Amino acid sequence: MDILSHDVLIIGGGGAGLRAAIAVAETNPKLSIAVISKVYPMRSHTVSAEGGAAAVIKPNDSLDYHAYDTISGGDWMCDQDAVEAFVKEAPQEMLQLEHWGCPWSRQEDGKIAVRPFGGMKIERTWFAADKTGFHMLHALFQTTLKYDPIQRYDEWFVTKLLVDDGRCQGVVAIELATGKIQAIAAKAVIICTGGCGRVFPFTTNANIKNGDGMALAYRAGVPLKDMEFVQYHPTGLPFTGILITEAARSEGGWMLNKDGYRYLQDYNLGKPEPKPVLRSMELGPRDRLSQAFVKEMEKGRTLKGPYGDYVHLDIRHLGEKVINTKLPFVRELCLKYENIDPIKEMIPVRPVVHYMMGGVHTDIRGATPLKGLYAAGEVACVSINGANRLGSNSLTELLVFGARAGKAAAHFAADQKAPNPAIAALALDETERIERQFLWKKGGTERIAVLRKEMHQAMEEGAGIYRNRASLQKSAEIIRNLQERFSDLAITDQSFTFNTEITAAMELSYMLDVAEAIIQSALQRTESRGSHQRTDHPQRNDQNFLAHSLAYRNESGPPRMEYLPVTITRWPPGERVYGR
Ligand SMILES: Cc1cc2nc3c(=O)[nH]c(=O)nc-3n(C[C@H](O)[C@H](O)[C@H](O)COP(=O)(O)OP(=O)(O)OC[C@H]3O[C@@H](n4cnc5c(N)ncnc54)[C@H](O)[C@@H]3O)c2cc1C
C-alpha cells in the first residue's frame, strides 16, 4: 500500500483547522502540513456562524470580567487556567484576524463595534454584520493560501487514526471523488472536526456535524470529556432547526409566549426594561432560556405547530432599518425558510441543539493523552465552556486554541522520527474493514435512515433539556441495541464516486458512539449543573461533582467513567445570578 506522508496532519478545514494550519506554518516553516476536510473548507460549519466572537476591547471592560462571565456562565465547570489564557489571548487573535482581512463591523468613529451577548456583563462581541463566521473563515482560508507547505485534501473523509507504539502516526482516509482508500502518515495529528449536533433531531448544526473526530479519538482510546453538557439554543426555527442568532435578542428582540407575554420575567432573569439589559431577560444565558421554554410548555403557555411546541421571537419593534443593517441574514432566513417577514411578523422559535460543551479531552495546549494527537475547536474540551457555553466564545476559542494546538503540534513533530513502517499493516486492516463492512457488503436488513431516526428519538426523549435516571437508562438501552443492529446494515450503493451512502453509514456509526458517551456521562452525573438538568437530582452538588467526566470507550458495553477535578484558580464556586 502506498503511504503519503506529512509532518503535521490536520483533520478539518473549519475555523479551528485553518487557524491551526497557519500556526504550524508560522512556528516552523520547514514542516509539511496537510489539511484534510470531508467538505470544501469554506463549507465547514464555521461559515454559518452569525452573531459574533467575544474578546475584550472596550476601556470599560476587563479580562477578569470576561473570565468571570465565562466561568459563572459555565456553572463553575470551566478550567480556570484555560479561561485565563483564553481571555488574554482572545483580543490579540481578533486583531490578527483583522490584519488577515476580516472586515469587523465599525462604530461611526471607526472603532471596532461590539454587541451585547447572552450572559455577558459588558458588550464584547465583535461581529461582521450577522455573517461573522463567513467572514472569519474567508480571512483564514485566504491566509492559508500564502503558505506553500500547507497542502489541502478537499473532500477526503477520515475513517481511522493510525496508532502504533502509543503514538498517533497518521490516518486512513477515503478520497470521495474516486473512492480510493489512502493511508497518510504524520508525526502529529490535530483533530478539528467540529461538533456533533446531528446526534439530535432538532439542531442548528449542518449535516456534516456528526461527531466524527470525537469518535475517531474515542476509538483510539482517548477519553471524551464532559459529554453530558449539550447546549440547546433557545431560538431555532421549528422543523429545520435553522438558527436565529442571539444577535436578534441583543438588538432588542423579545421572547413571547402564546399570550404575547414576555415570560422570561417569571424565571429569575430580571424584569422587562425599555432597552435590553445585559445578563437579564432575553440576554440571560442559553441554558436558562431553554429551560424556561420547557416550563412554559408544561404550563400550557406555548403555541402548537406541526413540528411541536414553539414560542415567538418578536423583532418588529426594532424597525426596518435596524433589521436590514444589523440583522439582514435573520430576515433572509425567515423569508426563505418560513415565508414570513420579521419586519411585520413574529418569528416562531423553539430550543434546538446547538453546541457540545464536551469533546476530546485535551490540556491547555490542545494535547490529548495520546502522544502525537491534538484537538481544537468544538471537537475538543479544553475546557473553557464548562456546563454551558456563552454565545460568541466559540468562534474566539477556534482562534486561540487552534493556534495553541498548531504551535504545540509543530514543536512535537519537529522532534519526531518518521512514522513507524508498522502503520502500513494497520492501514491495510482498515482498508479491509471498510471493504467488508461497507464497500463490498452483501445482505443486511437495516437501513441508515431508520436507525438514525430511532437514535434521534432516544436522544430527544431521554437526554434532552431535562433528563432523569429512567429516561437516560431507557435511551442507553435503545442506543446499545442500535449499535448491535448497525452490523446488519444494508448498503445498496457500491459505486466509488462520491458514495454518500457509505459516508452516511460511517457518520451514523460515529454518532452512535458519541450518543453512548453522552448518555452514560449524563446518567452518572447525579446533579444538575448548567445545561445538564436532572429532574431526579435538581441541585448542583459541588461536593461530589465539581469534576470533569471522562468517558472511555468499551467495545462491548457502555463506556467506563472516570472523573478529574476542575481547575479553580481565582473564582471559587458561587451562585449564578442573572437579572438586575
Ligand atoms: C448556525 C450556527 C451559528 C453559530 N454562531 C456562532 C456565533 O455567532 N458565535 C460563536 O462563537 N459560535 C457560533 N457557533 C458555534 C461555532 O460556529 C462552532 O462551534 C465552530 O464554528 C466550530 O468550528 P470548528 O472549526 O471546530 O469546526 P467546523 O467549522 O464544524 O469544521 C469541521 C471540519 O471538519 C471536517 N471534518 C469533519 N469530519 C471529518 C472527517 N471524517 N474527515 C475529514 N474531515 C472531516 C469538516 O469537513 C470541516 O472542515 C454557531 C454554530 C452554528 C451551527
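**Notes on the ligand site, the domain 1–domain 3 interface and some backbone oddities**

1. Starting with the ligand: a backbone N or O atom of Gly51 sits 2.8 Å from one of the ligand's oxygen atoms, which falls under polar contact, here a pair of N or O atoms within 3.5 Å (within protein, one must be able to donate a hydrogen and the other to accept it, and residues adjacent in sequence count only if both atoms are side-chain atoms). Gly15 also puts a polar backbone atom 3.2 Å from a ligand oxygen, and for Val39 the corresponding distance is 3.3 Å. There are 39 residues around the ligand, with Ser37, Ser44, His45, Thr46 and Glu378 coming nearest; "around" requires a heavy atom of the residue within 4 Å of the molecule.

2. Before going further, keep in mind that this is a predicted model, where local features need pLDDT of at least 70 and side-chain atom pairs count only at pLDDT 80 or more, while totals for chains, interfaces and linings use all residues. Residues are numbered from 1 along each chain as its sequence is written, and side-chain values use heavy atoms, with hydrogens and water left out.

3. On to the layout. The chain splits into domain 1 (3-52 + 128-230 + 355-424), domain 2 (234-352) and domain 3 (437-563), with bounds from an automatic or database domain assignment. Taken over C-alpha atoms, the centres of domain 1 and domain 3 are 22 Å apart.

4. How much area do domain 1 and domain 3 bury between them? About 3300 Å², 64% of it on carbon and sulfur atoms; buried area is the accessible area (1.4 Å probe) that two parts lose on being put together, summed over both. Val199, Tyr218 and Glu228 supply 23% of what domain 1 buries against domain 3, more than any other three residues. In contact terms (heavy atoms within 4.5 Å), 40 residues of domain 1 meet 35 residues of domain 3.

5. The polar side of that interface: 15 residue pairs are in polar contact between domain 1 and domain 3, both at pLDDT 80 or more. Strand S7 (156-164), helix H5 (212-219) and strand S10 (224-225) each give at least two residues to the side of domain 1 that touches domain 3, where helices (H or I, at least four residues) and strands (E, at least two) are DSSP runs numbered from the N terminus. H5 has the largest share, 6 residues.

6. Salt bridges next, meaning a side-chain nitrogen of Lys or Arg within 4 Å of a carboxyl oxygen of Asp or Glu. The count is 51 by this rule, and 3 are between domain 1 and domain 3. Arg525 and Glu228 pair up at 2.5 Å, N to O. Lys187 and Asp7 do likewise at 3.1 Å, and that pair links distant parts of the chain, S9 (residues 180-191) and S1 (residues 3-11), 180 residues apart.

7. Two backbone spots deserve a look. Most residues other than glycine have a negative phi, and most peptide bonds are trans. Asp226, in the loop between S10 and strand S11 (230-236), has a positive phi of about 55°. The Val382 to Ser383 peptide bond is cis, with omega near 10°; Ser383 is in the loop between strand S18 (380-381) and helix H10 (393-414).
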